[in-house]
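Hi everyone, thanks for coming. I'd like to walk you through a structure that's new to most of you, so let's put it up on the screen.

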Amino acid sequence: MSTAPAPGAHTAEEIASQPHCWRRAAELAATADGALPATGERIAVVGCGTSWYMAQSYAALREASGAGESDAWPASGFPVGRRYDRVVLLSRSGTTTEVRELAAALRGTTATTAVVADAASPLAGAVDHRVVLDHADERSVVQTRFATSALALLRAGLGERLDAAVADAERAVAAGPPEEAVAADQVTFLGSGWCHGLAQEAALKLREAAGAWTEAYPAMEYRHGPISVTEPGRAVWVLGALPRGLASDVAATGGGLVAGSDPHGAVREGAAAAGGEPLDPMADLVRVQLVALARAARRGLDADRPRHLARSVILG
């Protein structure tokens, strides 16, 4: 007799599978000729929710690498009529209304590429090129492995080797969530450059899965107001580089600091990642996902089925 899975079981399995999924995504990038943006193209990357935050991270990475001008837009806010050589549309289900409507609006005028989990989805059939990450599809409503696998694909398409990121994700999964963040009353996520998109996604994950009070900002903006919410029992989590002086600013508030992906190393006891070595920021996001799962369990919530959410937003 079959039994229903435990609350959060699908999310837990999907989080743990990310190292494997990233390897597969990197392999796909090597065979996706013509589908991924070419060096010199002026592009836009779009999505909704989690996919928009991955779009932000990729656009920042691509432009910083010198590959070409790269913008990120929510699908509902895309400036139709603005000239791009290519628009990349990210959508796990390929059914989200705003993304599908944008693909239709661009048809015949701008080259389009969709990154989806379902080859049979409406979006996959409405674009010029598609990359299908069916191995990273999910049963959980909350996105984890599809989002990071899409970013892994796009990073590999920029010529990045992801071996170290994969190994870091394996370390993050083995180590589990940092207790300081699991127990915190409130968490503020910070990131600079491409890590700002990761910070936005980190905050969204805790809100979705655990109903937590979280905020996200560009790292240098923390001192310009957001610092006022930090106090003992709350935490600041920096994905990527830790700005000069920020550790002492957080310490002065009495709040906790997590900086496990600071490339310059741990800034104080308890700030390092698993094994004491800095993680790739995308692997640090895996730790955030584990925190979201743990916090949901402590509140008796099912991370697989968050309140008021569905796998895809389809408007009538």
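Let's start with the empty space inside. This is a predicted model, and it holds one cavity of 30 Å³ or more. How much space lies in that largest cavity? About 40 Å³.

So who's around it? The lining is made of Thr-11, Ile-15, Val-142, Thr-144, Lys-205, Ala-209, Gln-289, Ala-292, Leu-293 and Ala-303. If you sort those by character, you get six nonpolar residues, three polar ones and one charged. Three helices each put in at least two residues: α1, which is 9-16, α8, which is 195-210, and α10, which is 281-298. And which of them gives the most? That's α10, with three residues.

Okay, on to the sheet. There are five strands here, and reading across, the order is β2-β1-β3-β4-β5. The sheet is open, and the pairing is parallel. Why do β2 and β5 have one side without a neighbour in the sheet? Because β2, at 70-74, and β5, at 129-132, stand at the edges, and each has a single partner strand. On average, neighbouring strands are turned by 20° against each other, if you ignore direction.

Let me zoom in on one pair. β1, residues 43-47, runs parallel to β3, residues 86-90, and four bridges join the two. If you want a spot to look at, find Ile-43: the residue standing opposite, in β3, is Arg-86.

Now for what packs on that sheet. Helix α3, residues 50-65, lies across β1, β2 and β3, and it runs at about 170° to β2. Then there's helix α5, residues 145-157, which touches β3, β4 and β5. Its direction makes about 135° with that of β4, the strand at 111-116.

Last stop is a single residue, Tyr-58, which sits in helix α3. Is Tyr-58 buried or exposed? Its relative accessibility is 2%, so Tyr-58 counts as buried. What does Tyr-58 contact, leaving aside neighbours within four places in sequence? The list is Pro-37, Ile-43, Val-45, Leu-151, Leu-154 and Leu-158. You've met Ile-43 already, as the residue opposite Arg-86.

One more distance, if you're clicking around: take the C-alpha atoms of Tyr-58 and Val-187. Those two residues are 129 apart along the chain, and the atoms are separated by 24 Å.

That's my tour, so over to you for questions.

Note on methods: Residues numbered from 1 in each chain as written. Predicted model: local features only at pLDDT ≥ 70, side-chain atom pairs only at ≥ 80, totals over all residues. Heavy atoms only, no water. 1 Å grid on protein atoms, 1.4 Å probe; cavity = no way out; pocket = protein on both sides within 12 Å on 5 of 7 lines; lining within 4 Å. Points joined across faces, edges and corners; volume = space filled by probe spheres on them. Nonpolar A, V, L, I, M, F, W, Y, C, P; charged D, E, K, R; others polar. Pairing = 2+ DSSP bridges. Axes fitted to C-alpha atoms, helices over the stretch in contact; angles between N-to-C directions. Contact = heavy atoms within 4.5 Å. Buried < 20%, exposed > 50% of the residue type's maximum accessible area, 1.4 Å probe, protein only.
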